[in-house]
Amino acid sequence: MWPPLLTLQRRWSIFLRVKNEREFRQLEVSEVYCPTCRAAKPVRRHLLLVLPTGNKYEYRCAACGTPLGGKDDGDASEYNAVLNRTSRLIGGR
Ligand SMILES: [Zn+2]
């Protein structure tokens, strides 16, 4: 065995893993395994709550509606927009 080659292969596999994880994080969840359908199914994103800390989403199976996970996007712009609309309504009365 030639140790330098082994090291290179290991480095390459680590690099690939890191690269895939980074790409996975950037992707929106498109298909998730659904225990009810027993298959990977496309998911629908439902907006649950608009919070000062960001919007809370829930992912549900597009086929049967089983909740498959949640996500907090940490984006407060929607909350601020709602706040602005609300204060304008109150002010216009
Ligand atoms: Zn399902």
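The protein chain has a mean pLDDT of 78, and 68% of its residues reach 70 or more. The structure described here is a predicted model. Confidence varies among the elements of the chain: helix α1, residues 3-26, has the lowest mean pLDDT, at 61, whereas β3 has the highest, at 89. Where pLDDT is low, predicted coordinates should not be read in detail. The description below therefore deals mainly with the strands and with the second helix.

The protein chain contains 2 helices and 4 strands. Along the sequence these elements follow the pattern α-β-β-β-β-α. Of the 93 residues in the protein chain, 5% are buried. Among contacts with a separation of 6 or more, 27% are made by residues that lie 24 or more positions apart.

The 4 strands form an open sheet in the order β1-β2-β3-β4, with antiparallel pairing. Its edge strands are β1 (31-34) and β4 (67-72), each of which pairs on one side only. On average, neighbouring strands of this sheet are turned by 40° against each other, direction ignored. In general, the strands of a sheet pair through backbone hydrogen bonds, and the pairing may be parallel or antiparallel.

The pairs of strands can be taken in turn. Strands β1 and β2 run antiparallel and are joined by 4 bridges. They form a hairpin with 4 residues between the strands, and Arg38 in the turn has a positive phi of about 55°. Within this pair, Cys34 has Ala39 of β2 as its bridge partner, and Tyr33 stands opposite Ala40 in β2.

Strand β2 (residues 39-51) is joined to strand β3 (residues 54-61) by 8 bridges, and the two strands run antiparallel. The hairpin that joins β2 to β3 passes through 2 residues. Several positions show how the two strands are aligned. Val43 has Cys61 in β3 as its bridge partner. Leu47 stands opposite Tyr57 in β3, and the bridge partner of Leu49 is Lys56 in β3.

Strands β3 and β4 also run antiparallel, with 5 bridges between them. Tyr57 has Lys71 of β4 as its bridge partner; Tyr57 in β3 also stands opposite Leu47. The hairpin of β3 and β4 has 5 residues between the strands, and in this hairpin Gly65 takes a positive phi near 85°.

The largest nonpolar core consists of 5 residues, namely Cys34, Val43, Tyr59, Cys61 and Leu68. Two of these residues, Val43 and Cys61, are bridge partners. Another core residue, Cys34, has Ala39 as its bridge partner in β2. When its neighbours within four places in sequence are left aside, Leu68 is in contact with Val32, Cys34, Val43, Tyr59, Arg60 and Cys61.

Helix α2 is hardly covered, with a count of 0 buried residues among its 15 residues. The length of α2 agrees with expectation, because 15 residues at 1.5 Å a residue should span 21 Å and the end C-alpha atoms of α2 are 21 Å apart. An α-helix has 3.6 residues a turn, so residues three or four places apart point the same way.

Asn80 lies in helix α2, which covers residues 77-91. Asn80 counts as exposed because it has 12 C-beta neighbours inside 10 Å, and a residue with 12 or fewer such neighbours falls in the exposed class. Asn80 is 28 residues away from Pro52 in sequence, yet the C-alpha atoms of the two residues are 7.5 Å apart in space.

Terms used:
Residues are numbered from 1 along each chain as its sequence is written. This is a predicted model: local features need pLDDT of at least 70, side-chain atom pairs count only at pLDDT 80 or more; totals for chains, interfaces and linings use all residues. A nonpolar core is a set of buried Ala, Val, Leu, Ile, Met, Phe, Trp, Tyr and Cys residues joined through C-beta atoms within 7 Å. A residue is buried if 20 or more other C-beta atoms lie within 10 Å of its own, exposed if 12 or fewer, and partly exposed in between; C-beta atoms are placed from the backbone. Two residues are in contact if their C-beta atoms, placed from the backbone, lie within 7 Å. The expected span of a helix is 1.5 Å times one less than its number of residues. Two strands pair if DSSP finds at least two bridges between them. Axes are lines fitted to C-alpha atoms, for helices over the stretch in contact, and angles run from 0 to 180 degrees between N-to-C directions. pLDDT is the predictor's confidence in each residue, from 0 to 100.
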